[in-house]
Every structure is written in structure tokens, then in C-alpha cells.
Amino acid sequence: MELDKMDENDWKYHGEGNKSLVVSHVQLSRVLRLLKYPAEDSENPPQTVEQAFRQIQNIVDFSSNVMSSLLGDKFIHSGEVVKLPLEFVRQLSIKVQHQRPAWRCDKVMDIYSGCALCLPNLTSPVLHQPTHTPPLCIEIKPKCGFLPSSKHVSKDIKTKVCRFCMHQHYKVANGKWKRPSLYCPLDLFSGNRQRMHFAIRHLIEEPQNNFKIFKGGQCIYSSKEVSDDSMDLNCLLHHLRPYFLYGNNRINSHTTSKAVLNDFITVLVNALLSGGGDGEVVTDSQGEGRSFCEASLFNKERIRPGSQGLPSDSVLFRIRQTQMLDTLDVEGLYPLYRRVEQHLQDFPKERTRLQMEGPYNEAFLEKLQKCPTEDDGSVEYAVAKVHQYRVAMTAKDCSIMVALVPGSEEEEDDEGIPTQRRLRDFLSSRLPALSYSVSILDLDPKPFDSIPSQLRLDQKIVSCYLRTGGALPKGSLPPHSGIFTAAEREDCTLLFHPM
């Protein structure tokens, strides 16, 4: 990419989150991530060019020096900060404005600093020689995969029903979503193939902003409430079918809808369970009772003894281990946050020494890794626990990208890319030849000052769930129960057999 020859017509709108907007190159496998500001600040940028540069550099440093060490560098793509011509940025902002969802337009793209984060486009990976069938990429936002066991938890319901399931009720009650998702993160993180299959099925049924499918870099499946371009299951099946033609089906070009969906989910489960090495399977240390959420609809009686646990080198294991740095829960952490806040009010210059806004380097990582087990009343202990919590919150909000690349059955095993593996090694020989890579994205540091609002949100979510007894509010739509009807009508019933 030649920065002095940037043309806005080479880039297209890719998506956006709360704090940044992403554009992708129409030919190169590259994306640019640009900061966003509240619309009322559009005339007067809220920070200088140097501050914008530092904010993006902090994202890179946090990803490469902290999260990479905890999650495994084979999963991480940290990117680099680039300085773009301002005229290009302004023209790009005009070009993408009409493609943005209306509900995101309360914020505008930063057109003043010219700073951006350049990253590989994980929805359009360059893993193989081009094939006739483009790569299929699945983005999953798994959310928190464990129940808190902290003595500081004030409401017993938090140790029985997971945060995601309770948050669903709160979001529906407040009109964020019209219907709840029946996905439960504890099922996905269980390591049990049946439960994982069950979890992914519910992500497909109600994607919200936790599940997206990209084909050749284009989003082809997501929540209709998030994207106007999303499709129904029939269209999705039409897109998936070519990837799951194998054996005799290559000749007659007919695979049942049930088989396509089952094979697609099986491929995803295998990619999430594999780590590319010989990681031992770690059983759930919380015990059988604590590895289930009471709100999950999965029938526990279907679980075979000893069938739970994640391989220690799998992406889900690494994410959950990092999430579990939150040992106190936000309720237990808040008094420590207050201790640090008071100290910083008394000694403002300490903010730099204690690395509250970075730099995110080896010293920062050492602070959170060498935190004492017992509270000695010091500011250093409180800071270390706050840093641990912030890292855990990033892991609870990250996304996983699984890229599936079709290959011919005659191809030799691939070499050179450590996270790229042959799914044929993990699947029965009846499944198609697919190479894959697994990546983790959305690894921004969570701000220190956001902890009080996180506590308030936690209290609202729990209060809402207790007030309704877990029942959905009047007027909300029931969960999808028949979205798989196309497959079920064709095949009588959609069965999930034990693996």
C-alpha cells in the first residue's frame, strides 16, 4: 500500500463498532480501522493528532505485548498504525456515510488526525492459491464462558445463570432486541461436542451481533436488525452447499439441508477445539454443576460422563483462561477501583507510573501476572487487580474468526502457516477437504474509568432478571423455534447425534 497514492475508490465500507469504523480494500486483503467521535464533536475534534496516534498505538501494544502473551501469538494479528493523507480520509468518509446503519450515525469518522490501524482482512484470508470457491469466514463473539464463584457476589442468581443469558432478558426488556437468543456461552466453552453443536445452532437461529458469516470478504449472514443485507436460512443454505459437496454428492450435486447444516456446524466445532498441537484436554475445574447455566435449554441428561473439557491449546481454552483473570467479579473489584481512584486524586502524577493508560509493555504484563493472592491494602495490589480485570473484560468481549478455505482432495498437506490445519485430520473422511485458520480480534484495552458504569450495568441486568423471574417481557417476540424448518421439512427432523 503506497500511502501517498491512496484512492478512496479502492476502499469499501466493511463495518463498525462503538469506537471505530472499518473499511476494506477491494483487491488487497487489508482493512483500515479509523476512530469515531460523537457527532456533536464533528467540528471540533476531541483530541489532538498526537493523542489519536497514541490511542491507536496503545491498541497495537496492548494486543501484541499483553493479549498475545495470554492468548497465544498464533491467534493474534496486531497490525500497525498508519498516517493517511487527510484529503483521502475526508473523501472516504463521504463515500461510506450512506452505507452506514442509521443507528450508528450518532458518531462520525475521525477526519482530522489521519491516523488509522492497518490490519489483515480476516474475512478474506490469503491462505492458498485462488480456488473457484472463495473462503468462508465465520465470526463468533463468544462472550463470558464461566460462572463467577467470588465471595463478593451479592446475588446468588449470578452463580447459577450466566451473564449473557441474563443480559438477553435486559436487552429485550429495553428494546435493544425484539427476541432473545437461546445461545449460552457455557455450552460453547464446555468442550462437549453436543453442547457446542447446540450453542452454534442457536447462534445461527438468532445471530444478533454475536455471529456473522462472510464469503469472499462479503457479509452474507448476520442479524437482520444489524444489517439490511442479511439473509434467511434458505439463502444461507444455498451459499453453504458448494462447500459440503463430497463423495457421491460431487456427482449428483444434492446434499440434504440437514446434512449441510450438521456438517457446517461440525466443521466449526472441530476448528474451535483444535489448537494445531497436542494440547491435553483440561476438564472443567469448576465441577459438573458449575459448568452449566440454568437458563440453557440443553438437556443435561444427554451428556456422557467425561465428555466435557477443552484442549489446552484450543482458542476457547485460551480465551476462557484469560477471562478468568476476573477473580473478584465487578462487585469485588469496585472497592479496589475506588482505592486506586482516590490515590490518583491525591497523587495525579502516579497515573503514569501505575500505567493506567499504558504504555502496554512487558512491565504492564508483569504487574498483572505477579499480583499477590491476598490483599495487603496497598495501591499496587489494587492496581494489579484492576489491570487483571480490564484484561479479562477484553477477553470477554473479543471475537473469534474461523476461516475455511476449500481445497481439492488431491492436495498435499499444507506447510508454513502454524494456525492453518487440515480439517480432514479431525473429521471423518466423508467430510470435504477444508483448510482453516483461527484468529482472535477485537482486543482493545478497556478504560479504567469504565468500571463504575460496568458495575451499574451489572446491577441493572441482575435486578431485571430477578424482577421478571427469567420470564420475557410482554410484547417481546418468542425465541426462534422454527428457523431450521427448511431443513426439518425436507428431512423430517434435525437430529444432533453424539459424536
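Of the 499 residues of the chain in this predicted model, 55% count as buried (under 20% relative accessible area with a 1.4 Å probe, protein chains only). Residues are numbered from 1 along each chain as its sequence is written, and side-chain values use heavy atoms, with hydrogens and water left out. Local features need pLDDT of at least 70 and side-chain atom pairs count only at pLDDT 80 or more, while totals for chains, interfaces and linings use all residues.

The chain holds 15 helices and 14 strands (DSSP runs, H or I of at least four residues for helices and E of at least two for strands, numbered from the N terminus).

As for the inside, the largest nonpolar core (buried Ala, Val, Leu, Ile, Met, Phe, Trp, Tyr and Cys joined through side-chain atoms within 4.5 Å) has 73 residues, with Val-66, Phe-211, Phe-264 and Leu-272 making the most contacts inside it. Helix α8 (residues 257-273) puts in the largest share, ten residues. A second, separate core has 21 residues, among them Ala-384 and Ile-451.

Back to Phe-264: beyond its neighbours within four places in sequence, Phe-264 is in contact (heavy atoms within 4.5 Å) with Leu-136, Ile-138, Ile-204, Phe-211, Ile-213, Leu-240 and Phe-244.

Helix α6 (residues 233-240) packs against α8 at about 75°, axes 10 Å apart (lines fitted to C-alpha atoms over the stretch in contact, angles from 0 to 180 degrees between N-to-C directions). That makes α6 roughly perpendicular to α8 (65 to 115 degrees). Leu-233, Leu-237 and Leu-240 of α6 meet Ser-257, Val-260, Leu-261 and Phe-264 of α8.

Methods. Buried < 20%, exposed > 50% of the residue type's maximum accessible area, 1.4 Å probe, protein only. Parallel < 35°, antiparallel > 145°, perpendicular 65-115°, else oblique.
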